[in-house]
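User: Could you take a close look at the aromatic residues in this model and how they sit against the rest of the fold? I would enjoy one connected walk through that part.

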Amino acid sequence: LAATDKVAGAKAVRKAISTIINRDFAANDILEGLGLPAATIVPSVAIGWDSTLEPREYSIAAAKTLMEAAGFDYADLTADGDSYEDSFFDITVLSPNTNPARNAWSALVAETLPKIGIGVTEHVSTGWAEIIPRTFGSDVEPPVYADGGFDIFFVGYSWDLDVDPTGL
């Protein structure tokens, strides 16, 4: 593929992942109705907030269309209920284990990715002492999971149970 096709494909995969995140469930069930479906991880009080962004609508069908736009063919996969026995590629999800809401949200995403053909080899939920050297505390560019790093890393802007969690 040409470089521009690879960039467009990578962008379509990221959009597909974003599209299968059920933000209404996260806001209403995980955050017990104390949050709003997020369009960005930056809260409204932070520099960089963009009020024009709208949350992506949760849709497995739309996510699959984006995966197909990236060049993936579902005819190559074997369905297993609402997921697939095999996958286009596999990732490992890394998340801090310090907040119940983030734990539930990252687990939800790890459980949902196989519905669009992205395999989850492992969901590592661990403490900051293990995470920091593998991510932003690394002296070099963080490695991929196979080399001690991660594929997807869930971190948020103050995921503590704040007085006003609607910024999440």
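Analyst: Happy to help; here is a walk through the aromatic groups, followed by the strands and helix around them.

Please keep in mind throughout that this is a predicted model. For orientation, the chain contains 5 helices and 5 strands, and their order along the sequence is α-α-α-β-β-β-α-β-α-β. Of the 168 residues in the chain, 35% are buried. The exposed area comes to about 9700 Å², with carbon and sulfur atoms supplying 54% of it.

Now to the rings. Searching the whole structure turns up 4 aromatic pairs. One of them joins Phe72 and Phe88: the centres are 4.6 Å apart, the planes make an angle of 40°, and the pair is tilted. Phe72 belongs to the loop between α3 (60-69) and β1 (79-80), while Phe88 belongs to the loop between β2 and β3, so this pair ties together parts 16 residues apart in sequence. As for its surroundings, Phe72 has a relative accessibility of 22% and therefore counts as partly exposed.

A further pair brings Tyr74 and Tyr84 together; with 5.5 Å between the ring centres and 35° between the planes, this pair is tilted as well. Tyr74 sits in the loop between α3 and β1 and Tyr84 in strand β2, so the pair links distant parts of the chain, 10 residues apart. Both Tyr74 and Tyr84 are buried. Tyr74 also has a charged partner: the charged end of Lys64 sits over the Tyr74 ring, 5.5 Å from the ring centre.

Put together, these rings belong to one aromatic cluster made up of Phe72, Tyr74, Tyr84, Phe88 and Phe89.

Strand β2 deserves a word of its own. This strand covers residues 83-84, and Ser83 lies in it. Ser83 has 15% relative accessibility, which means that it counts as buried. Setting aside neighbours within four places in sequence, the contacts of Ser83 are Pro114 and Lys115.

From the cluster we can move on to strand β3, which spans residues 89-96 and runs parallel to β4, joined by 8 bridges. Two examples show how the strands line up: Leu94 has Val124 of β4 as its bridge partner, and Pro96 is matched with Thr126 of β4. Helix α4 (residues 100-112) packs on the sheet, touching β3 and β4, and its direction makes about 165° with that of β4.

The sheet itself is open, with 3 strands in the order β4-β3-β5 and parallel pairing. β4 (118-126) and β5 (152-153) are at the edges with a single partner strand each, so one side of each has no neighbour in the sheet. In β3, 6 of the 8 residues are buried, so this strand is largely enclosed by the rest of the structure.

One last number on the chain as a whole: among contacts between residues at least 6 apart in sequence, 65% join residues at least 24 apart.

Notes: Residues are numbered from 1 along each chain as its sequence is written. This is a predicted model: local features need pLDDT of at least 70, side-chain atom pairs count only at pLDDT 80 or more; totals for chains, interfaces and linings use all residues. Side-chain values use heavy atoms; hydrogens and water are left out. Helices (H or I, at least four residues) and strands (E, at least two) are DSSP runs, numbered from the N terminus. Buried means under 20% relative accessible area, exposed over 50%, partly exposed in between (1.4 Å probe, protein chains only). Contact means heavy atoms within 4.5 Å. Accessible areas come from the Shrake-Rupley method with a 1.4 Å probe; for residues, only the protein chains shown count as cover. Two strands pair if DSSP finds at least two bridges between them. Axes are lines fitted to C-alpha atoms, for helices over the stretch in contact, and angles run from 0 to 180 degrees between N-to-C directions. Rings of Phe, Tyr and Trp (its six-membered ring) pair if their centres lie within 6.5 Å; planes under 30 degrees apart count as stacked, over 60 as edge-to-face and the rest as tilted. A charge sits over a ring if NZ of Lys or CZ of Arg is within 6 Å of the ring centre and within 35 degrees of the ring normal.
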